[in-house]
Amino acid sequence: MKPSSKLLPIRLPAVEKLNLGNGLPVRVMKRGLVPLTSVRLVIRLGSGVCPPGKSGIGGLMWQLLRRGTKHKTAQELMELIETLGVDLEMGARADCSVVSAAFPTPFLGDFLALLTEMLCEPALNEEEFERLRKRTMARLVNDLDDPATLISRAWARGFWGTHPYGFNPSGSCKDLANICRQDVEEYYRRQVGPKISRLYIAGDVSTKEVLALCEKTLGTWVQGPETPQQMPPFEWRPQGDGVLLAHKPEQTQVQFRLGAKGIPKGHPAVFPLAVVGTLLGGMFTSRLVNAVRVKRGLSYHAGCYWDQKAVAGAFVASSFTKPETAEALAEVVLSEIETLQKKGPTPSELAAVKQYLCGCFPMAIQTNDAFLASLADIELHGLPENWIGQYRDNVLAVDMKQARAAARDYLATDNRLLVFSGDADALAPRLARFGPIRRMELSEIS
């Protein structure tokens, strides 16, 4: 089977690389015939870069920046955004902060002027700050009624511990209670600026026109640091298998997450591991779905993925089930991981998964915004420039030896963290055989 001979080439637009006078790098791509433009501003400021005891300050800052400027009230700003037809998102992530927007191309100049006003002349209003802070604290508590959110927070806190990757980008109620408006203003002035940012623009645009508009607007942005803060290394300390129980007694279903040491962005084994992870739990015909859902009816869904970040990564498997079958679910997931780790994929599985990944990839970059996100990821993490163009070739190049080696070397059969959310008192006796149990109260993750 040679699917590579049947693949149509992905025609990538040329990327014009420019620098504004204030040091802001700009990447411009003329892409598409539809008069829509996407803009992505990436700032090398992760959610974990915050003063001690003030997690969530970045999330508050980005919310506050869109709640008024020195010249426009929050209401006026929101109305202008809607009038321009802008779909705008701003927020902090693990390794960076992102402002993304899509709008009709004729409004490019208007949007860049508006973004510049938000960045350079934010109101940082006290009343708006208090409203956002209280709303965020309430949401942190209310979101724990969502089982998926609860287990995700518990897993992150349990796996990453005190490393910045373990911080909720929205913070914690305890930390948010100690943040004042002046803290947010100082954080913004010191941590956000053009020299640690990159601007990406894609659409039916003229590079010359874009450069002139950017110089006129974002070229006036001059605050912030010279260099970004570096994310500290994650010190992996093998401690054997362990069980973390997030206590939520009224939860009728048990959410399950398994975490183990993974790989950071740009790891040499990324393509073999993409194949292995997809086969195990990255598609609806995966081994985990077959074992958990089809054969045993323990859950509707089971899957896994490689959570790759800048300085570290994790392997994560996930599912849910009834409280009385939580032990059986964990047994099946562990068994499937260990079987693949020992034996690797079959030739037919390897061929099918590679074809699946190659077929899905073009859809992952088909929109301007998705393409910009991939391009930004390449530059943020120092990936090869031809990452997008060579992705399918790199997947197809994975042979049986590489796939089996990746499964053997990176699918962990020990030092795993098994996280369950539900009634900890009822679950503990059933799950004790998987390792030492630690109980986590909701107050630790709200």
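**View 1. Contacts across the whole chain of this predicted model.** Let's begin with who touches whom: of the contacts in the chain with a separation of 6 or more, 82% join residues 24 or more positions apart. The chain holds 16 helices and 12 strands. Its radius of gyration is 23 Å, close to the 22 Å that the globule rule gives for 446 residues, so the chain is as compact as a globular protein of that length. Along the principal axes, the C-alpha atoms fill a box of roughly 60 × 55 × 35 Å. Buried residues account for 53% of the 446 residues. The exposed area of the chain is about 20300 Å², with 52% of it supplied by carbon and sulfur atoms.

**View 2. The largest nonpolar core and a second, separate one.** In soluble globular proteins, nonpolar side chains tend to be buried together. Here, the largest nonpolar core has 69 residues, and Phe315, Leu411, Leu418 and Phe420 are those with the most contacts inside it. Try finding Leu411: beyond its neighbours within four places in sequence, its contacts include Val276, Trp306, Phe315 and Ile337. Then look for the second core, which is separate and has 53 residues, among them Leu41, Val99, Leu112 and Leu176.

**View 3. An open sheet of 6 strands.** Follow the strands in the order 9-10-8-11-7-12, and you will meet mixed pairing. At the edges are strand 9 (302–308) and strand 12 (437–440), each pairing on one side only. From one strand to the next, the twist averages 20°. Helix 16 (residues 424–431) packs on this sheet, where it touches strands 7, 8, 11 and 12. The direction of helix 16 makes about 165° with that of strand 7 (242–247).

**View 4. Strand 9 beside strand 10.** Strands of a sheet pair through backbone hydrogen bonds, either parallel or antiparallel. Strand 9 and strand 10 (residues 313–321) run antiparallel and are joined by 7 bridges. To find your place, look for Cys304, which stands opposite Ala317 in strand 10.

**View 5. Strand 8 and its partners, strand 10 and strand 11.** Why is strand 8 described as largely enclosed by the rest of the structure? The reason is that 7 of its 8 residues are buried. Strand 8 runs antiparallel to strand 10, with 8 bridges between them; Leu258 has Ala317 as its bridge partner in strand 10. With strand 11, strand 8 pairs in the antiparallel sense over 5 bridges, and there Gly259 has Leu417 as its bridge partner.

Terms used
Residues are numbered from 1 along each chain as its sequence is written. This is a predicted model: local features need pLDDT of at least 70, side-chain atom pairs count only at pLDDT 80 or more; totals for chains, interfaces and linings use all residues. Side-chain values use heavy atoms; hydrogens and water are left out. A nonpolar core is a set of buried Ala, Val, Leu, Ile, Met, Phe, Trp, Tyr and Cys residues joined through side-chain atoms within 4.5 Å. Buried means under 20% relative accessible area, exposed over 50%, partly exposed in between (1.4 Å probe, protein chains only). Contact means heavy atoms within 4.5 Å. Two strands pair if DSSP finds at least two bridges between them. Helices (H or I, at least four residues) and strands (E, at least two) are DSSP runs, numbered from the N terminus. Axes are lines fitted to C-alpha atoms, for helices over the stretch in contact, and angles run from 0 to 180 degrees between N-to-C directions. The radius of gyration is taken over C-alpha atoms; the globule rule is 2.2 Å times the number of residues to the power 0.38. Accessible areas come from the Shrake-Rupley method with a 1.4 Å probe; for residues, only the protein chains shown count as cover.
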